Number of protein chains: 2
Amino acid sequence: MSAASSPAADPRPLALTIGDAAGIGPELVLQAWLRRMPGQRPFFALADPDHLTRLAQRLGWQVPIATIAIAQANASFANALPVVPLQHKFDDEASSANTPGTLESMQRAVEYVYAGQAAAIVTCPIAKDRMYQAGFQFPGHTEFLGAQASQLWKRPVLPVMMLWAPELAVVPVTVHVPLARVPDLLTTTLIIETTQIVIDDLRQRFGIQAPRIAVAGLNPHAGENATIGTEDRDIIAPAIRALQAAGHNVIGPMPADTMFHAAARKKYDAAICMYHDQALIPIKTLAFDHGVNTTLGLPFVRTSPDHGTAFDIAGRGIAKPDSLLAALALAARLA
Amino acid sequence: MSAASSPAADPRPLALTIGDAAGIGPELVLQAWLRRMPGQRPFFALADPDHLTRLAQRLGWQVPIATIAIAQANASFANALPVVPLQHKFDDEASSANTPGTLESMQRAVEYVYAGQAAAIVTCPIAKDRMYQAGFQFPGHTEFLGAQASQLWKRPVLPVMMLWAPELAVVPVTVHVPLARVPDLLTTTLIIETTQIVIDDLRQRFGIQAPRIAVAGLNPHAGENATIGTEDRDIIAPAIRALQAAGHNVIGPMPADTMFHAAARKKYDAAICMYHDQALIPIKTLAFDHGVNTTLGLPFVRTSPDHGTAFDIAGRGIAKPDSLLAALALAARLA
C-alpha cells in the first residue's frame, strides 16, 4: 500500500528544510535524527547530502546519510538520515553562494506538501540579511511560505505567526516593525482577522473545540480606562466585542504584565499580542529552549525552531536541538 | 538605651502606610502581623486603630491592636499589631472621605524616616483615581515620595522604580505613559541618569560592589542593526557607551525577548527596560505573588507590594500577603 492510501499505517513523512547551510540548521538536523524515538513520525531533509556527510564527519557524529526519493523516506529513517537531494550544492563556508540552495529547499518543501508527498514542513533558520542580498523579496520565511501557498492553492493567504510551547501560546499581531510604528499599524480589522485565523487553526489543527483567546492591551494596564493611551479602548476593545458577537470565547484587553503568570495562563489557549516583544518576552522567558514557531493560516502545517542561525556557535556541535525536536513533534501532532 | 543610639540591639521599626482603607491594604497589614517571624524587624502601621479593629473582628482574625507612639513599636510587636494612630478616621465603605487619612499616613511615614524614628517605609497600595479626585497632585506614590523627600532633604531627587524579586530585578525608564509616546520620551540622558541611580543604590543598599547592568533594546531584536527602528543605535547604545566609559559594567542594547530566561538572567543584577510592560511582563510572569516594588534614588528605603488595591476582592480576607511580606523583608534587608 502506498503512503497516500494508508496514512495511519504508513504516515507521510515531515519535510525538513535545511535553512542557511552555514548556520546551526544542518547540525541540528543531524542531532534530530540521532535523537529519533521509536514510533516518531519520520522526516527527511531537503539538503545537500555531501555537505551533511562532511559535517557529520567533522563533528565525529555517526550519522549515515541516505540519499533518497521521498517514497523511501519512511523506510530509510530507522537506519539513516533520509536526504532528498537539492540540485544546488553547499559550500562549507558561510557564503551567499549557498542562498539558491536554501531557497530551493523551502520551495520544494511547499511543493511536496501540495502534492501530498509530505505531511508538513519544518524549517531550519535562514539569515535574512544574506537572503536579501541574494534578491529574496520577502520579509521572512513566513511571508515567503504564505506567498507560495497562495500561488499553489490559488486563494488568498494571511500567514499568522504563533509561538507555541506547552506553557503558553502567543501570537503577535504586528511583528518585525519598529515599536514606534506599532500604534499606527494596529487596526480593529487586523486584530479580528488575526484572531479569527488563530481560532480556526486551534480548532482544526490543535483539536480545541472552543478556543479561549486572551487579547493583550497595548498600553500599561491596558490603558487604565483610556487614561494611558486610547488604543485599548478605541482599537482593541471593538475587535474583542466583534469576535464575542460572532460567538467566540475572547477576553481582553488584558493588562499585558499580569496575563502570563501560571494562574493567568490557565484561562486561555492562546494570547493575541499587539507587538513582537509583548508576545516573545513571556514565551522566551518561560520556554527559551523548547518554544516552537508555527505559521497559522496556511493550507498546510509549518513549524520551525524558535531561534536563528546562531552563526557564532555554528559548526561546533554545541547548539541545543530542543527547539527543533519540539518543532518536529508539534508538526507531527498537527499534521 | 534609645533605639537611635543602638540600632543593632534595638533596630528602628519599619513604617507601614495603610494605603487605601477600602482596598486590600488593611487586611494585608493584619496578615503580615499574623505571619510575623521571630527575629523579624518590627513594623508599625500608620492607620486608624478602630478601623483595623473592626476589620479584624469582621474577618474573625485574632489581631490585638496596640495604639502606640513609635517608641513603643518594637516592644509591642510580639503581642499586638502596633498602630501609630492617624488624626483622620476611616469609613468602612470605599469613599473619597478616606483620602486625607491615606495621604496623612504617607506624609507621616516620610517625616518619621527623616526624623530617624523609622528605618524605612513600606507602602500599601493607593487608588490613584480616588486620590486625583481628592486633589492629589502626583502621578503616583513614587513621585509623591520623591517630592516630599526633595523638600525635607533639600536636594533634587529622581525617584526610580525597581521591581525586585529573587529571580529578577527590572527598572522601567518610562512608566505610566502611552506606548506611542515611549520613543519620544527616551533620551540618552534619561537612560544614563536612571542607570546611574540603579548602580548607586545596588552598591549602597544591596551591597553589590560592581553591579552588572543589562540594558534592553526598544525595538524587536534590539533594532537588528538599525534595520527595525533606529532608537537602539541612536539613543540607547550611546547611553551604554557613556556608562561603560565611566567604568560601569553595562551591556546592551539586548534583544528584550531573549534576556529574561534563566541562563540570561545570571549575567546581570538588574535589567534597565525602556517601557512599563517590557519590565513588568517578565517579572510578573516569573514572580507574580512575591515581587516587590522599591523606589531607588530616595534618601531612604521604600518598598511596596507589587499589586494594586484589588477592590474586587477587598475585605474578604482572601488577598495573598506574599508580596507585602516580601516588601517588608526587602525593606528590612536594605534599611
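Here are some worked exercises on a predicted model with chains A and B.

## Exercise 1: Sizing up chain A

Work out how the radius of gyration of chain A sits against a compact globule of 335 residues.

*Step 1.* Start with the reference value: for 335 residues, a compact globule would come out near 20 Å.

*Step 2.* Now look at the chain itself. Chain A has a radius of gyration of 20 Å, so it agrees with the globule value.

*Step 3.* Add the outline. Taken along the principal axes, the C-alpha atoms of chain A fill a box of roughly 60 × 45 × 40 Å.

*Step 4.* Then fill in what is inside. Chain A has 12 helices and 12 strands, and 57% of its 335 residues are buried.

*Step 5.* Finish with the contacts. Take those in chain A between residues at least 6 apart in sequence: 73% of them join residues at least 24 apart.

## Exercise 2: Reading the interface

Describe the interface of chain B and chain A, going from its area down to a single salt bridge.

*Step 1.* Get the area. An interface's size is often quoted as the accessible area lost when the parts come together. Here chain B and chain A bury about 2900 Å² between them, with 66% of that on carbon and sulfur atoms.

*Step 2.* See who leads on the chain B side. Leu179(B), Asp257(B) and Ile281(B) lose the most area to chain A, and together they account for 22% of what that side buries.

*Step 3.* Count residues. In contact across the interface are 33 residues of chain B and 33 residues of chain A.

*Step 4.* Check the polar side of things. There are 6 residue pairs in polar contact between chain B and chain A. Helix α11 (residues 276–286) of chain B supplies 9 residues, the largest share of the side of chain B that touches chain A. By type, that side of chain B divides into 17 nonpolar, 9 polar and 7 charged residues.

*Step 5.* Zoom in on the charges. The rule finds 1 salt bridge across the interface of chain B and chain A. Asp257(A) and Lys284(B) meet through their side chains in a salt bridge, at 4.0 Å from N to O.

## Exercise 3: Unusual backbone spots

Find the cis peptide bond in each chain, then pick out Ala310(A) and Ala226(B) by their phi values.

*Step 1.* Recall the background: most peptide bonds are trans, and most residues other than glycine have a negative phi.

*Step 2.* Find the cis bond in chain A. Gly252(A) and Pro253(A) are joined by one, with omega about -5 degrees. Pro253(A) sits in strand β9 (residues 249–254) of chain A.

*Step 3.* Do the same in chain B. A cis peptide bond joins Gly252(B) to Pro253(B), and omega is about -5 degrees. Strand β9 (residues 249–254) of chain B holds Pro253(B).

*Step 4.* Turn to phi. Ala310(A) is not a glycine, yet its phi is positive at about 45 degrees. You'll find Ala310(A) in the loop between β12 (302–305) and α12 (322–334) of chain A. Its relative accessible area is 24%, so Ala310(A) is partly exposed.

*Step 5.* Now chain B. Ala226(B) has a phi near 65 degrees, again positive in a residue other than glycine. Ala226(B) belongs to the loop between β8 (212–216) and α9 (231–245) of chain B. With 22% relative accessibility, Ala226(B) counts as partly exposed.

## Exercise 4: Buried or partly exposed?

Decide whether Thr194(A), Gln31(A) and Asp50(B) are buried or partly exposed.

*Step 1.* Set the cut-off: buried means under 20% relative accessible area, and exposed means over 50%.

*Step 2.* Take Thr194(A), in helix α8 (residues 188–204) of chain A. Its relative accessibility is 3%, so Thr194(A) counts as buried. Leaving aside neighbours within four places in sequence, Thr194(A) is in contact with Val160(A), Val171(A) and Val173(A).

*Step 3.* Next is Gln31(A), found in helix α1 (residues 25–34) of chain A. At 11% relative accessibility, Gln31(A) is buried too. Its contacts, again leaving aside neighbours within four places in sequence, are Trp61(A) and Pro321(A).

*Step 4.* Last comes Asp50(B), in helix α2 (residues 49–59) of chain B. A relative accessible area of 40% makes Asp50(B) partly exposed. The C-alpha atoms of Asp50(B) and Lys89(B) are separated by 8.1 Å, and these residues are 39 apart along the chain.

Key:
Residues are numbered from 1 along each chain as its sequence is written. Chains are lettered from A and ligands numbered from 1 in the order in which they are written. This is a predicted model: local features need pLDDT of at least 70, side-chain atom pairs count only at pLDDT 80 or more; totals for chains, interfaces and linings use all residues. Side-chain values use heavy atoms; hydrogens and water are left out. Contact means heavy atoms within 4.5 Å. Buried area is the accessible area (1.4 Å probe) that two parts lose on being put together, summed over both. A polar contact is a pair of N or O atoms within 3.5 Å; within protein, one must be able to donate a hydrogen and the other to accept it, and residues adjacent in sequence count only if both atoms are side-chain atoms. Helices (H or I, at least four residues) and strands (E, at least two) are DSSP runs, numbered from the N terminus. Ala, Val, Leu, Ile, Met, Phe, Trp, Tyr, Cys and Pro count as nonpolar, Asp, Glu, Lys and Arg as charged, and the others, Gly among them, as polar. The radius of gyration is taken over C-alpha atoms; the globule rule is 2.2 Å times the number of residues to the power 0.38. Buried means under 20% relative accessible area, exposed over 50%, partly exposed in between (1.4 Å probe, protein chains only).
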